Amino acid sequence: MSALLEALAAHPACDLVRKADLDAFLAREPRALLFFTGDVDARPEGLDVAVVVRELANGYQGRLRVGLVDRRDEAALMARFGVVMTPAVVYVRDGQPAEVVARMRDWPVFEQACERLLALESPLTGIGGNA
């Protein structure tokens, strides 16, 4: 794991999530982000998204948590959350995916998705090929 991803995993608003722990994590967190990094050696864009996720964790700390999905479990969890490409951030409400943002996007795309997640209603949508 890269130093940037290790630092994200150690962030106070973030948990490293394994497949076996995921349901318990989501049961504790009614609003959460799941970050599927993908292979950052093959697609370094995942590190760019990691910086965005860290800033979301800082800005929304106390309102939502970040689950950094363990690379060993990503493939097994992608279909469940509607992820078809990585890196991807899944916005989860009450255990269900509410929105998926794939690949690196402008900051407002990620921030507005957080605001929708924290609002009362949000349709299931996808950005970047995950619709």
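Arg103 lies in the loop between β5 and α5, and in this predicted model its backbone has a positive phi of about 70° although Arg103 is not a glycine. With a relative accessibility of 33%, Arg103 counts as partly exposed, because that class covers the values between 20% and 50%. A second residue with this kind of backbone angle is Asp94, which is not a glycine either and has a positive phi of about 50°. Asp94 is found in the loop between β4 and β5, and Asp94 is exposed, because its relative accessible area of 54% is over the 50% cut-off.

Another backbone feature belongs to Pro87, whose place is in the loop between α4 and β4: the peptide bond that joins Thr86 and Pro87 is cis, with omega at about 0°.

**Arg18 and its surroundings**

Arg18 has its place in the loop between β1 (14–17) and α2 (19–28). Leaving out residues up to four places away in sequence, Arg18 touches Asp70, Arg72 and Asp73, and with Asp73 there is also a polar contact between the two side chains, at 2.6 Å. Although Arg18 and Glu74 are 56 residues apart along the chain, their C-alpha atoms are separated by 8.8 Å.

Of the residues that Arg18 touches, Asp70 lies in the loop between β3 and α4 (71–78), while Asp73 is found in helix α4 itself. When residues up to four places away in sequence are not counted, Asp70 touches Leu16, Val17 and Arg18, and Asp73, with its neighbours within four places set aside, is in contact with Arg18 and Lys19. The table sets out how accessible Arg18 and these two aspartates are.

| Residue | Relative accessibility | Class |
|---|---|---|
| Arg18 | 29% | partly exposed |
| Asp70 | 6% | buried |
| Asp73 | 10% | buried |

Asp70 and Asp73 count as buried because their values of 6% and 10% are under the cut-off of 20%, whereas Arg18, at 29%, counts as partly exposed.

**The nonpolar cores**

In soluble globular proteins, nonpolar side chains tend to be buried together. Here the largest nonpolar core holds 25 residues, and those that touch the most other members are Leu33, Phe35, Leu56, Val89, Tyr91 and Phe110. Two or more residues of this core come from each of the helices α1 (3–9), α3 (45–59) and α5 (107–118), and from each of the strands β2 (31–36), β3 (65–69), β4 (88–93) and β5 (96–102). Helix α3 gives the most to this core, with six residues. Apart from this core lies another one, of 16 residues, which includes Phe25, Leu34, Val69 and Val83.

Val89 may serve as an example of the contacts made by one residue of the largest core. Residues up to four places away in sequence are again not counted, and Val89 then touches Leu33, Leu34, Phe35, Val49, Val53, Glu99, Val100, Val101 and Phe110.

**The largest pocket**

The largest pocket has a volume of about 200 Å³. Its lining is made by 13 residues, and of these Met1, Ser2, Leu5, Thr37 and Arg71 lie nearest the centre of the pocket. By residue type, the lining divides into six nonpolar, three polar and four charged residues.

Technical notes: Residues are numbered from 1 along each chain as its sequence is written. This is a predicted model: local features need pLDDT of at least 70, side-chain atom pairs count only at pLDDT 80 or more; totals for chains, interfaces and linings use all residues. Side-chain values use heavy atoms; hydrogens and water are left out. On a 1 Å grid over the protein atoms alone, a cavity is a set of points where a 1.4 Å probe fits but cannot get out, and a pocket is an open set with protein on both sides within 12 Å along at least five of seven lines; lining residues have an atom within 4 Å of a point. Grid points are joined across faces, edges and corners, and a volume is the space filled by probe spheres set on the points. Ala, Val, Leu, Ile, Met, Phe, Trp, Tyr, Cys and Pro count as nonpolar, Asp, Glu, Lys and Arg as charged, and the others, Gly among them, as polar. A nonpolar core is a set of buried Ala, Val, Leu, Ile, Met, Phe, Trp, Tyr and Cys residues joined through side-chain atoms within 4.5 Å. Buried means under 20% relative accessible area, exposed over 50%, partly exposed in between (1.4 Å probe, protein chains only). Helices (H or I, at least four residues) and strands (E, at least two) are DSSP runs, numbered from the N terminus. Contact means heavy atoms within 4.5 Å. A polar contact is a pair of N or O atoms within 3.5 Å; within protein, one must be able to donate a hydrogen and the other to accept it, and residues adjacent in sequence count only if both atoms are side-chain atoms.
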